[in-house]
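Here are my notes on this one, in the order I would walk through it with you. Have the model open alongside as you read.

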Amino acid sequence: MTLASPAESHTRASVALFKLERFAEAAEEARTALAITPDDNIALRTLARSTLSLGDIEGTIAALTNLLPSSINEVVAGIRGLLRHGEVQAAARVATVSPVRIQSCDSEVLPRIVTLLRQQALRKQNPTQERVTAFEMALSLAPDSVALRIDFLRLLAAAGEAGEFARNAGLVADAAALADASATLSRDVGNRARQAFRDQAWQEAHAWLQAGSRLGLDAAAGDLAERIKARRLAEARKALVAKEPDSHKHTAALLEDYPEDGAARSLHARALIANRQYAQAKTLLQAVSAQGAATADDYVQLARACRASQDIENAIGACFDALALRHEDPTALVLLDHLLPGRE
(Lines give C-alpha, C1' and ligand atoms only; values in the text may rest on other atoms or scores of the structure.)
Protein backbone atom coordinates (compact mmCIF):
# COMPACT_ATOMS: atom_id res chain seq x y z
CA MET A 1 0.00 0.00 0.00
CA THR A 2 1.35 3.43 -0.98
CA LEU A 3 1.63 5.82 1.92
CA ALA A 4 0.10 9.28 1.48
CA SER A 5 2.50 12.21 1.31
CA PRO A 6 2.42 14.72 4.18
CA ALA A 7 0.52 17.21 2.03
CA GLU A 8 -2.08 14.62 1.06
CA SER A 9 -2.49 13.61 4.70
CA HIS A 10 -3.21 17.15 5.75
CA THR A 11 -5.61 17.64 2.82
CA ARG A 12 -7.56 14.49 3.71
CA ALA A 13 -7.66 15.57 7.34
CA SER A 14 -9.00 19.01 6.35
CA VAL A 15 -11.80 17.43 4.28
CA ALA A 16 -12.75 15.03 7.08
CA LEU A 17 -12.77 17.82 9.67
CA PHE A 18 -14.91 20.02 7.42
CA LYS A 19 -17.50 17.25 7.12
CA LEU A 20 -17.56 17.10 10.91
CA GLU A 21 -18.15 20.90 10.93
CA ARG A 22 -14.90 21.46 12.80
CA PHE A 23 -14.17 24.40 10.57
CA ALA A 24 -11.27 26.02 12.42
CA GLU A 25 -9.33 22.75 12.50
CA ALA A 26 -10.21 22.06 8.87
CA ALA A 27 -8.87 25.48 7.86
CA GLU A 28 -5.65 24.89 9.80
CA GLU A 29 -5.08 21.50 8.15
CA ALA A 30 -5.76 23.02 4.72
CA ARG A 31 -3.24 25.80 5.35
CA THR A 32 -0.65 23.24 6.41
CA ALA A 33 -1.23 21.27 3.20
CA LEU A 34 -0.96 24.44 1.12
CA ALA A 35 2.31 25.37 2.79
CA ILE A 36 3.69 22.16 1.27
CA THR A 37 1.73 22.17 -2.01
CA PRO A 38 0.44 25.72 -2.75
CA ASP A 39 -1.66 24.68 -5.78
CA ASP A 40 -3.56 21.84 -4.07
CA ASN A 41 -7.10 22.45 -5.35
CA ILE A 42 -8.79 20.28 -2.75
CA ALA A 43 -7.01 22.09 0.08
CA LEU A 44 -7.86 25.46 -1.44
CA ARG A 45 -11.52 24.50 -1.85
CA THR A 46 -11.70 23.22 1.72
CA LEU A 47 -9.99 26.36 3.01
CA ALA A 48 -12.47 28.55 1.11
CA ARG A 49 -15.45 26.64 2.52
CA SER A 50 -14.06 26.53 6.06
CA THR A 51 -13.20 30.21 6.23
CA LEU A 52 -16.63 31.11 4.84
CA SER A 53 -18.27 28.99 7.56
CA LEU A 54 -16.11 30.77 10.13
CA GLY A 55 -17.03 34.20 8.78
CA ASP A 56 -13.44 34.84 7.69
CA ILE A 57 -14.44 36.49 4.42
CA GLU A 58 -10.97 37.79 3.60
CA GLY A 59 -9.65 34.24 3.93
CA THR A 60 -12.38 33.00 1.61
CA ILE A 61 -11.58 35.65 -0.99
CA ALA A 62 -7.87 34.77 -0.87
CA ALA A 63 -8.52 31.03 -1.25
CA LEU A 64 -10.94 31.49 -4.16
CA THR A 65 -8.57 33.91 -5.89
CA ASN A 66 -5.79 31.32 -5.64
CA LEU A 67 -8.15 28.73 -7.11
CA LEU A 68 -8.88 30.82 -10.21
CA PRO A 69 -5.95 29.69 -12.39
CA SER A 70 -6.80 25.99 -12.09
CA SER A 71 -10.46 25.47 -11.17
CA ILE A 72 -12.96 28.02 -12.41
CA ASN A 73 -15.89 25.72 -11.54
CA GLU A 74 -14.83 25.65 -7.89
CA VAL A 75 -14.47 29.42 -7.89
CA VAL A 76 -17.98 29.89 -9.29
CA ALA A 77 -19.30 27.53 -6.62
CA GLY A 78 -17.44 29.59 -4.02
CA ILE A 79 -18.94 32.82 -5.37
CA ARG A 80 -22.41 31.29 -5.11
CA GLY A 81 -21.58 30.36 -1.51
CA LEU A 82 -20.60 33.96 -0.75
CA LEU A 83 -23.88 35.18 -2.25
CA ARG A 84 -25.87 32.70 -0.12
CA HIS A 85 -24.16 34.18 2.94
CA GLY A 86 -25.09 37.71 1.81
CA GLU A 87 -21.46 38.63 1.04
CA VAL A 88 -22.22 40.39 -2.24
CA GLN A 89 -19.20 42.71 -2.30
CA ALA A 90 -16.87 39.83 -1.44
CA ALA A 91 -18.33 37.85 -4.35
CA ALA A 92 -17.77 40.87 -6.59
CA ARG A 93 -14.13 41.16 -5.50
CA VAL A 94 -13.50 37.57 -6.56
CA ALA A 95 -15.46 37.94 -9.80
CA THR A 96 -13.58 41.08 -10.90
CA VAL A 97 -10.31 39.12 -10.98
CA SER A 98 -11.44 37.17 -14.05
CA PRO A 99 -14.98 38.15 -15.11
CA VAL A 100 -14.69 36.74 -18.64
CA ARG A 101 -13.80 33.23 -17.41
CA ILE A 102 -16.52 33.32 -14.76
CA GLN A 103 -19.11 34.46 -17.32
CA SER A 104 -18.10 31.64 -19.68
CA CYS A 105 -18.52 29.11 -16.86
CA ASP A 106 -21.84 30.45 -15.52
CA SER A 107 -23.71 33.12 -17.45
CA GLU A 108 -26.03 33.88 -14.53
CA VAL A 109 -23.65 34.61 -11.67
CA LEU A 110 -22.27 37.98 -12.85
CA PRO A 111 -25.70 39.50 -13.65
CA ARG A 112 -26.85 38.29 -10.22
CA ILE A 113 -23.94 40.05 -8.50
CA VAL A 114 -24.56 43.25 -10.48
CA THR A 115 -28.27 43.21 -9.59
CA LEU A 116 -27.53 42.75 -5.88
CA LEU A 117 -24.87 45.47 -5.91
CA ARG A 118 -27.27 47.84 -7.63
CA GLN A 119 -29.87 47.14 -4.95
CA GLN A 120 -27.28 48.01 -2.28
CA ALA A 121 -26.29 51.16 -4.14
CA LEU A 122 -29.85 52.39 -4.51
CA ARG A 123 -30.74 51.78 -0.85
CA LYS A 124 -30.89 55.32 0.48
CA GLN A 125 -30.49 54.32 4.12
CA ASN A 126 -27.01 52.96 3.39
CA PRO A 127 -24.06 55.34 4.00
CA THR A 128 -23.12 57.29 0.88
CA GLN A 129 -19.62 55.83 0.64
CA GLU A 130 -20.99 52.28 0.80
CA ARG A 131 -23.42 53.13 -1.99
CA VAL A 132 -20.60 54.61 -4.11
CA THR A 133 -18.47 51.49 -3.55
CA ALA A 134 -21.36 49.25 -4.58
CA PHE A 135 -21.87 51.22 -7.79
CA GLU A 136 -18.14 51.13 -8.59
CA MET A 137 -18.05 47.35 -8.09
CA ALA A 138 -21.16 46.83 -10.21
CA LEU A 139 -19.74 48.98 -13.00
CA SER A 140 -16.44 47.08 -12.91
CA LEU A 141 -18.47 43.97 -13.81
CA ALA A 142 -20.90 45.72 -16.18
CA PRO A 143 -19.00 48.76 -17.56
CA ASP A 144 -21.31 49.15 -20.55
CA SER A 145 -24.54 49.35 -18.54
CA VAL A 146 -25.87 52.82 -19.33
CA ALA A 147 -28.74 52.55 -16.85
CA LEU A 148 -26.32 51.65 -14.08
CA ARG A 149 -23.98 54.50 -15.00
CA ILE A 150 -26.83 57.04 -15.00
CA ASP A 151 -28.01 55.81 -11.59
CA PHE A 152 -24.43 56.31 -10.39
CA LEU A 153 -24.40 59.84 -11.80
CA ARG A 154 -27.53 60.66 -9.81
CA LEU A 155 -25.88 59.45 -6.61
CA LEU A 156 -22.67 61.37 -7.32
CA ALA A 157 -24.67 64.53 -7.92
CA ALA A 158 -26.57 64.05 -4.67
CA ALA A 159 -23.29 63.37 -2.84
CA GLY A 160 -21.61 66.45 -4.28
CA GLU A 161 -18.80 64.53 -6.01
CA ALA A 162 -18.13 66.86 -8.94
CA GLY A 163 -14.88 65.23 -10.09
CA GLU A 164 -16.25 61.68 -10.15
CA PHE A 165 -19.46 62.94 -11.75
CA ALA A 166 -17.48 64.52 -14.58
CA ARG A 167 -15.35 61.40 -15.08
CA ASN A 168 -18.36 59.08 -15.25
CA ALA A 169 -20.33 61.51 -17.38
CA GLY A 170 -17.70 61.09 -20.08
CA LEU A 171 -18.33 57.33 -20.10
CA VAL A 172 -22.02 57.58 -21.09
CA ALA A 173 -22.19 56.91 -24.81
CA ASP A 174 -25.93 56.28 -25.26
CA ALA A 175 -27.37 59.66 -26.28
CA ALA A 176 -30.98 58.46 -26.13
CA ALA A 177 -30.67 57.14 -22.57
CA LEU A 178 -28.90 60.31 -21.57
CA ALA A 179 -31.67 62.43 -23.07
CA ASP A 180 -34.25 60.50 -21.03
CA ALA A 181 -32.32 61.24 -17.84
CA SER A 182 -31.32 64.80 -18.72
CA ALA A 183 -34.14 66.55 -16.87
CA THR A 184 -33.22 64.99 -13.51
CA LEU A 185 -29.49 65.28 -14.04
CA SER A 186 -29.80 68.87 -15.25
CA ARG A 187 -31.71 69.79 -12.10
CA ASP A 188 -29.18 68.04 -9.84
CA VAL A 189 -26.17 69.60 -11.56
CA GLY A 190 -27.73 73.04 -11.58
CA ASN A 191 -28.62 72.80 -7.89
CA ARG A 192 -25.09 71.72 -7.01
CA ALA A 193 -23.52 74.53 -9.02
CA ARG A 194 -25.82 77.14 -7.48
CA GLN A 195 -25.18 75.85 -3.96
CA ALA A 196 -21.42 75.99 -4.52
CA PHE A 197 -21.84 79.53 -5.86
CA ARG A 198 -23.78 80.55 -2.74
CA ASP A 199 -21.03 78.97 -0.60
CA GLN A 200 -18.48 81.03 -2.55
CA ALA A 201 -16.82 77.78 -3.67
CA TRP A 202 -16.24 79.18 -7.14
CA GLN A 203 -13.97 76.40 -8.42
CA GLU A 204 -16.40 73.70 -7.30
CA ALA A 205 -19.28 75.57 -8.95
CA HIS A 206 -17.29 75.73 -12.18
CA ALA A 207 -16.53 72.00 -11.93
CA TRP A 208 -20.24 71.20 -11.72
CA LEU A 209 -21.02 73.34 -14.74
CA GLN A 210 -18.21 71.69 -16.70
CA ALA A 211 -19.56 68.27 -15.76
CA GLY A 212 -23.04 69.29 -16.90
CA SER A 213 -21.64 70.66 -20.15
CA ARG A 214 -20.07 67.29 -20.96
CA LEU A 215 -23.52 65.76 -20.69
CA GLY A 216 -25.06 68.47 -22.85
CA LEU A 217 -26.84 69.95 -19.84
CA ASP A 218 -25.94 73.55 -20.60
CA ALA A 219 -29.45 74.67 -19.70
CA ALA A 220 -28.60 73.96 -16.06
CA ALA A 221 -26.14 76.83 -16.02
CA GLY A 222 -28.18 79.86 -17.04
CA ASP A 223 -26.00 82.94 -16.55
CA LEU A 224 -24.21 81.26 -13.66
CA ALA A 225 -21.09 80.44 -15.67
CA GLU A 226 -20.27 84.09 -16.32
CA ARG A 227 -21.05 85.06 -12.74
CA ILE A 228 -18.72 82.36 -11.43
CA LYS A 229 -15.93 83.48 -13.74
CA ALA A 230 -16.36 87.10 -12.72
CA ARG A 231 -16.13 86.22 -9.03
CA ARG A 232 -13.07 84.05 -9.56
CA LEU A 233 -11.32 86.75 -11.55
CA ALA A 234 -12.07 89.26 -8.81
CA GLU A 235 -10.72 86.96 -6.08
CA ALA A 236 -7.55 86.19 -8.03
CA ARG A 237 -7.01 89.89 -8.68
CA LYS A 238 -7.50 90.66 -4.98
CA ALA A 239 -4.98 87.97 -3.99
CA LEU A 240 -2.43 89.44 -6.41
CA VAL A 241 -2.89 92.99 -5.12
CA ALA A 242 -2.56 91.77 -1.54
CA LYS A 243 0.60 89.83 -2.54
CA GLU A 244 -0.71 86.68 -0.92
CA PRO A 245 1.93 83.89 -0.95
CA ASP A 246 -0.32 81.44 -2.80
CA SER A 247 -1.78 83.94 -5.26
CA HIS A 248 -0.10 82.10 -8.15
CA LYS A 249 -2.12 78.99 -7.20
CA HIS A 250 -5.34 80.97 -7.57
CA THR A 251 -4.33 82.28 -10.97
CA ALA A 252 -3.02 78.90 -12.15
CA ALA A 253 -6.34 77.21 -11.24
CA LEU A 254 -8.19 80.02 -12.98
CA LEU A 255 -6.13 79.61 -16.15
CA GLU A 256 -6.61 75.85 -16.09
CA ASP A 257 -10.38 76.29 -16.11
CA TYR A 258 -10.39 79.20 -18.60
CA PRO A 259 -7.32 78.56 -20.79
CA GLU A 260 -8.44 80.88 -23.62
CA ASP A 261 -9.65 83.75 -21.48
CA GLY A 262 -7.58 86.91 -21.84
CA ALA A 263 -8.20 88.12 -18.28
CA ALA A 264 -7.21 84.74 -16.82
CA ARG A 265 -4.04 84.73 -18.91
CA SER A 266 -3.23 88.28 -17.86
CA LEU A 267 -3.66 87.60 -14.14
CA HIS A 268 -1.55 84.46 -14.23
CA ALA A 269 1.14 86.31 -16.17
CA ARG A 270 1.31 88.89 -13.38
CA ALA A 271 1.65 86.14 -10.79
CA LEU A 272 4.46 84.61 -12.85
CA ILE A 273 6.26 87.96 -13.05
CA ALA A 274 5.95 88.30 -9.27
CA ASN A 275 7.69 84.91 -9.04
CA ARG A 276 10.31 85.96 -11.65
CA GLN A 277 9.09 83.46 -14.23
CA TYR A 278 9.43 85.97 -17.03
CA ALA A 279 9.56 83.69 -20.07
CA GLN A 280 6.23 82.04 -19.28
CA ALA A 281 4.66 85.40 -18.47
CA LYS A 282 5.88 86.82 -21.76
CA THR A 283 4.29 83.96 -23.70
CA LEU A 284 0.94 84.43 -21.97
CA LEU A 285 0.87 88.20 -22.46
CA GLN A 286 1.81 87.90 -26.11
CA ALA A 287 -1.17 85.54 -26.49
CA VAL A 288 -3.43 88.14 -24.84
CA SER A 289 -2.11 90.75 -27.26
CA ALA A 290 -2.73 88.43 -30.22
CA GLN A 291 -6.33 88.05 -29.04
CA GLY A 292 -6.74 91.81 -29.16
CA ALA A 293 -7.67 91.72 -25.46
CA ALA A 294 -4.59 93.42 -23.98
CA THR A 295 -4.96 96.50 -21.79
CA ALA A 296 -2.37 99.19 -21.12
CA ASP A 297 -1.48 97.37 -17.90
CA ASP A 298 -0.98 94.14 -19.85
CA TYR A 299 1.48 95.88 -22.19
CA VAL A 300 3.37 97.35 -19.24
CA GLN A 301 3.67 93.86 -17.73
CA LEU A 302 4.76 92.49 -21.11
CA ALA A 303 7.44 95.17 -21.32
CA ARG A 304 8.71 94.16 -17.88
CA ALA A 305 8.78 90.48 -18.84
CA CYS A 306 10.57 91.21 -22.13
CA ARG A 307 13.11 93.46 -20.43
CA ALA A 308 13.87 90.77 -17.82
CA SER A 309 14.28 88.26 -20.67
CA GLN A 310 16.71 90.61 -22.45
CA ASP A 311 14.23 91.04 -25.30
CA ILE A 312 14.76 94.80 -25.54
CA GLU A 313 13.11 95.34 -28.92
CA ASN A 314 9.80 93.79 -27.85
CA ALA A 315 10.01 95.52 -24.48
CA ILE A 316 10.17 98.90 -26.24
CA GLY A 317 7.31 97.92 -28.54
CA ALA A 318 5.17 96.91 -25.55
CA CYS A 319 5.83 100.29 -23.89
CA PHE A 320 4.63 102.14 -27.00
CA ASP A 321 1.54 99.87 -27.14
CA ALA A 322 0.79 100.79 -23.53
CA LEU A 323 1.17 104.50 -24.29
CA ALA A 324 -1.12 104.18 -27.29
CA LEU A 325 -3.86 102.91 -24.99
CA ARG A 326 -3.11 105.16 -22.04
CA HIS A 327 -1.31 108.39 -22.94
CA GLU A 328 1.60 109.29 -20.67
CA ASP A 329 1.40 106.06 -18.67
CA PRO A 330 4.04 106.75 -15.96
CA THR A 331 5.33 103.16 -15.70
CA ALA A 332 5.67 102.82 -19.48
CA LEU A 333 7.54 106.15 -19.65
CA VAL A 334 9.95 105.10 -16.88
CA LEU A 335 10.59 101.80 -18.64
CA LEU A 336 11.27 103.62 -21.91
CA ASP A 337 13.80 105.86 -20.17
CA HIS A 338 15.72 102.72 -19.26
CA LEU A 339 15.25 100.95 -22.58
CA LEU A 340 15.83 103.57 -25.29
CA PRO A 341 19.45 104.41 -26.14
CA GLY A 342 20.55 107.88 -24.98
CA ARG A 343 17.62 108.28 -22.55
CA GLU A 344 19.39 106.90 -19.50
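1. Start with Arg49. Setting aside neighbours within four places in sequence, Arg49 is in contact with Phe18 and Glu74. Keep in mind that this is a predicted model, so read these contacts as those of a prediction. Arg49 is found in helix H3, residues 41-54, and is partly exposed, with a relative accessible area of 41%. Ten residues along the chain from Arg49 is Gly59, and the two C-alpha atoms are separated by 9.7 Å.

2. Now a lysine. Is Lys229 buried or exposed? Lys229 counts as buried because its relative accessibility is 16%, and the cut-off for buried is under 20%. Lys229 is found in helix H14, residues 224-241. Its contacts, leaving aside neighbours within four places in sequence, are with Tyr258 and Asp261.

3. Next, the pair H6 and H9. Helix H6 covers residues 88-95 and helix H9 residues 128-141; their axes come within 10 Å and cross at roughly 35°. The crossing is left-handed. From H6, the residues taking part are Gln89, Ala92, Arg93 and Ala95, and they meet Glu130, Thr133, Ala134, Met137 and Leu141 in H9. Sorted by class, that contact has five nonpolar, two polar and two charged residues.

4. On to the core. Which residues touch the most other members of the largest nonpolar core? They are Ile79, Ile113 and Phe165, in a core of 100 residues. Nonpolar side chains tend to be buried together in soluble globular proteins. Take Ile113: not counting residues up to four places away in sequence, Ile113 touches Ile79, Leu83, Val88, Ala91, Ala92, Ala95 and Leu141. Ala92 and Ala95 in H6 and Leu141 in H9 also belong to the H6 and H9 contact, so point 3 and this one are worth viewing together.

5. Cysteines. The structure holds zero disulfides. Cys319 is in no disulfide, and the nearest cysteine sulfur, that of Cys306, is 9.1 Å away. Since a disulfide needs sulfur atoms within 2.5 Å, that pair does not qualify. Cys319 is buried, with a relative accessible area of 1%, whereas Cys105 is partly exposed, at 30%.

6. Two backbone oddities. Most residues other than glycine have a negative phi. Glu21 has a positive phi of about 60° although it is not a glycine, and Glu328 has a positive phi of about 60° as well, again without being a glycine. Where do they lie? Glu21 lies in the loop between helix H1 (6-19) and helix H2 (23-36); Glu328 is found in the loop between helix H19 (312-325) and helix H20 (330-339). Glu21 counts as exposed at 59% relative accessibility, and Glu328 counts as exposed at 55%.

7. Finally, two distances across the chain. Arg167 lies in helix H11, residues 162-169, and is partly exposed, with a relative accessible area of 45%. Arg167 and Ala290 are 123 residues apart in sequence and 33 Å apart in space, C-alpha to C-alpha. Asn66, in helix H4 (residues 57-67), is partly exposed at 48%. The C-alpha atoms of Asn66 and Pro330 are separated by 77 Å, with their positions 264 residues apart along the chain.

Note on methods: Residues numbered from 1 in each chain as written. Predicted model: local features only at pLDDT ≥ 70, side-chain atom pairs only at ≥ 80, totals over all residues. Heavy atoms only, no water. Axes fitted to C-alpha atoms, helices over the stretch in contact; angles between N-to-C directions. Helix = DSSP H or I, 4+ residues; strand = E, 2+ residues; numbered from the N terminus. Left-handed = near helix turned anticlockwise from the far one by under 90°. Contact = heavy atoms within 4.5 Å. Nonpolar A, V, L, I, M, F, W, Y, C, P; charged D, E, K, R; others polar. Buried < 20%, exposed > 50% of the residue type's maximum accessible area, 1.4 Å probe, protein only. Core = buried A, V, L, I, M, F, W, Y, C linked by side-chain atoms within 4.5 Å.
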